[in-house]
Amino acid sequence: MNYVLIGTIGGCMSSHAESTSGHEARSAKTRSQLIEATVDVVAAVGYEGATTRALAQAAKTTLSAIPYHFGSKKELYLAAADMIAEYAAHRFAEAATLLDDTSDVELSVRFERTLIQLLHTMLEEAEPHAWTAFVARCAYDNDDAFALIHERAIAPLQKRLVHAASQFSGRSSDDEALRLRVIAIVTAVFSFRFLRGVMLRGMDWKSIQNEAIRQITDMVRDLCRSGFLAVRSPDDGADRKTGPA
């Protein structure tokens, strides 16, 4: 009798576990669909234009699924930004590992290679097009979603690049002029993804491939070797204004 009871309880527990597992799987699928739909819809019409009804329809789920799984539209929006931030942090970390090269390669060369790797990541466009538009809208609004992406993915990369530049330039990593120059280079690299139309029209290119990539890579390399990061002192600036005696 006890065996029957134990067997019955065991069967109930097994059935309950399978039910719970199935519920979790369906919940995870719905959350994933809502996040992907949010990226697509926000990329197309922006956060303000993305109604909860449009998000639910795009995700092929019910309107109540948004508060059930995320609490609010804002939390869903931040979850979408968090997904992209995690991916971007991984890709940027891949580039930053070039700074860790312990061989005899000079740090300035590793800095240059890191930026070129970052450039190729931007030009590769391995991610869905909607991701680029989503980040572009977040960056333009400079909202909480972009703050999340910046904090998790961009800021750590910038911090490592500034630290490296400070080491081979002899400037303090707190030097605003040095930080500005490093961030300017990173922003320029990002622009080849987010403002690619400016480059295409300006250069009469149909796409950024092969020869175009080679020329842009050479340009970033030349910039790194140009002395752009060798920040001049205020006295040097005074000399430039007054000119030689």
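Modeller: One term before we start: a residue is called buried under 20% relative accessible area, exposed over 50%, and partly exposed in between. And keep in mind that this is a predicted model.

Colleague: Fine. What does the secondary structure of the chain come to?

Modeller: From the N terminus on, the elements run α-α-α-α-α-α-α-α-α-α-α. There are zero strands in the chain, and the helices come to eleven.

Colleague: And what share of the residues in the chain is buried?

Modeller: The chain has 245 residues. Its exposed surface is about 14,800 Å², with carbon and sulfur atoms supplying 54% of that. As for buried residues, they make up 36%.

Colleague: Among contacts between residues at least 6 apart in sequence, what share joins residues at least 24 apart?

Modeller: A contact here means heavy atoms within 4.5 Å. Take the contacts in the chain between residues at least 6 apart, and the share joining residues at least 24 apart is 68%.

Colleague: On to the largest pocket. Which helix gives the most to its lining?

Modeller: The largest pocket has a volume of about 500 Å³, and 26 residues line it. Helices H4 (73–96), H5 (107–124), H6 (129–141), H7 (144–169) and H8 (176–194) each supply at least two of the lining residues. With six residues, the helix that gives the most is H7.

Colleague: How many residues of that lining are nonpolar?

Modeller: The residues nearest the pocket's centre are Met122, Val135, Ile154, Phe190 and Phe194. Met, Val, Ile and Phe count as nonpolar, so all five of these belong to that class. Across the whole lining, six residues are polar and three are charged, while the nonpolar ones number 17.

Colleague: Let's do charges. How many salt bridges does the structure hold?

Modeller: Side chains of opposite charge can pair when their charged atoms come close. Here a salt bridge needs a side-chain nitrogen of Lys or Arg within 4 Å of a carboxyl oxygen of Asp or Glu. The number of salt bridges in the structure is 13.

Colleague: How many residues apart in sequence are the parts that Asp82 and Arg152 tie together?

Modeller: The side chains of Asp82 and Arg152 meet in a salt bridge, at 2.3 Å from N to O. Asp82 lies in helix H4 and Arg152 in helix H7, so the distance in sequence between the parts they tie together is 70 residues.

Colleague: Is Asp82 buried, exposed or partly exposed?

Modeller: Its partner Arg152 has a relative accessible area of 36%, which puts Arg152 in the middle class. Asp82 has 28%. That value falls between the 20% and 50% cut-offs, so Asp82 is partly exposed.

Colleague: Now Glu112 and Arg225, whose side chains meet in a salt bridge. Which of the two is buried?

Modeller: The N to O distance of this bridge is 2.9 Å. The pair links distant parts of the chain, with Glu112 in helix H5 and Arg225 in helix H10, 113 residues apart. Arg225 counts as exposed because its relative accessibility is 59%. At 6% relative accessibility, the buried one is Glu112.

Colleague: About how many helical turns separate Asp218 and Arg221?

Modeller: These two side chains meet in a salt bridge of 3.0 Å, N to O. Asp218 is partly exposed at 27%, and Arg221 is partly exposed at 24%. Because they are three residues apart in helix H10, the separation is about one helical turn.

Colleague: Which residues are linked with Asp218 in a network of salt bridges?

Modeller: The bridge between Asp218 and Arg221 and the one between Glu112 and Arg225 both belong to the network. Along with Asp218, its members are Glu112, Glu211, Arg214, Arg221 and Arg225.

Colleague: What is the relative accessibility of Arg91?

Modeller: Arg91 is found in helix H4. Leaving aside neighbours within four places in sequence, Arg91 is in contact with Thr121, Glu124, Ala126 and Glu127. Arg91 counts as buried because its relative accessibility is 13%.

Colleague: Last one, on backbone angles. What is the phi of Asp204?

Modeller: Most residues other than glycine have a negative phi. Asp204 and Asn210 each have a positive one, and both are in the loop between H9 and H10. Asp204 is exposed at 68%, and Asn210 is exposed at 64%. Phi of Asn210 is near 45 degrees, while phi of Asp204 is about 55 degrees.

Definitions and conventions
Residues are numbered from 1 along each chain as its sequence is written. This is a predicted model: local features need pLDDT of at least 70, side-chain atom pairs count only at pLDDT 80 or more; totals for chains, interfaces and linings use all residues. Side-chain values use heavy atoms; hydrogens and water are left out. Helices (H or I, at least four residues) and strands (E, at least two) are DSSP runs, numbered from the N terminus. Buried means under 20% relative accessible area, exposed over 50%, partly exposed in between (1.4 Å probe, protein chains only). Accessible areas come from the Shrake-Rupley method with a 1.4 Å probe; for residues, only the protein chains shown count as cover. On a 1 Å grid over the protein atoms alone, a cavity is a set of points where a 1.4 Å probe fits but cannot get out, and a pocket is an open set with protein on both sides within 12 Å along at least five of seven lines; lining residues have an atom within 4 Å of a point. Grid points are joined across faces, edges and corners, and a volume is the space filled by probe spheres set on the points.
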